[in-house]
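Student: I'm new here, so please pick a single part and take me through it slowly. I'd like to see how it sits among its surroundings.

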Amino acid sequence: MDRLDTLDDAVAAAAFRRLVRHLRHRTDAENIDLMGLAGFCRNCLSDWVGEAGGLDKDDAREAIYGMPYAQWKAAHQGDATPEQLARMAESVAKNA
């Protein structure tokens, strides 16, 4: 059995909330860069939360971003460069 599966749900939930709060604080870590490095981003987290909890996309994104997505995007997200898009595509290909 994977050791991760043996974690107490309260411990896992606390760690997840800490991760989300960290990402909320680190607005300088843009989603495109997270995707390029790790193959996931805040939107992925919100999709996973939505799927697990039966939330619609907007509610799940607000849970992760701490505000409506459009507001966060306007304040913190710039246009992706061709280099960032290429890194993201290469990284996401490893997710399969």
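Tutor: Let's go to the largest pocket of this predicted model, which has a volume of about 160 Å³. (A pocket is an open set of points on a 1 Å grid where a 1.4 Å probe fits, with protein on both sides within 12 Å along at least five of seven lines; lining residues have an atom within 4 Å of a point. The volume is the space filled by probe spheres set on the points.) Walking along the chain, you meet Glu30, Asn31, Ile32, Met35, Cys41 and Asn43 in the lining, then Tyr69, Gln77, Gly78, Asp79, Ala80 and Met88. By class, this lining has six nonpolar, four polar and two charged residues, with Gly counted as polar and Tyr and Cys as nonpolar.

Helix H2 gives the largest share of the lining, three residues. (Helices are DSSP runs of H or I with at least four residues.) H2 spans residues 31-38, and Asn31, Ile32 and Met35 of the lining fall in that range. Ile32 and Met35 also belong to the H2 side of a contact with H6, as do Asp33, Gly36, Leu37 and Ala38. (Contact means heavy atoms within 4.5 Å.) Across from them in H6 are Gln84, Leu85, Arg87, Met88, Ser91 and Val92, and Met88 is another lining residue. This H2 contact with H6 has seven nonpolar, three polar and two charged residues.

Stepping back, the protein chain has six helices and zero strands.

Residues are numbered from 1 along each chain. In this model, local features need pLDDT of at least 70 and side-chain atom pairs 80 or more, while totals for chains, interfaces and linings use all residues, and side-chain values use heavy atoms, without hydrogens or water.

Definitions and conventions: Axes fitted to C-alpha atoms, helices over the stretch in contact; angles between N-to-C directions. Helix = DSSP H or I, 4+ residues; strand = E, 2+ residues; numbered from the N terminus.
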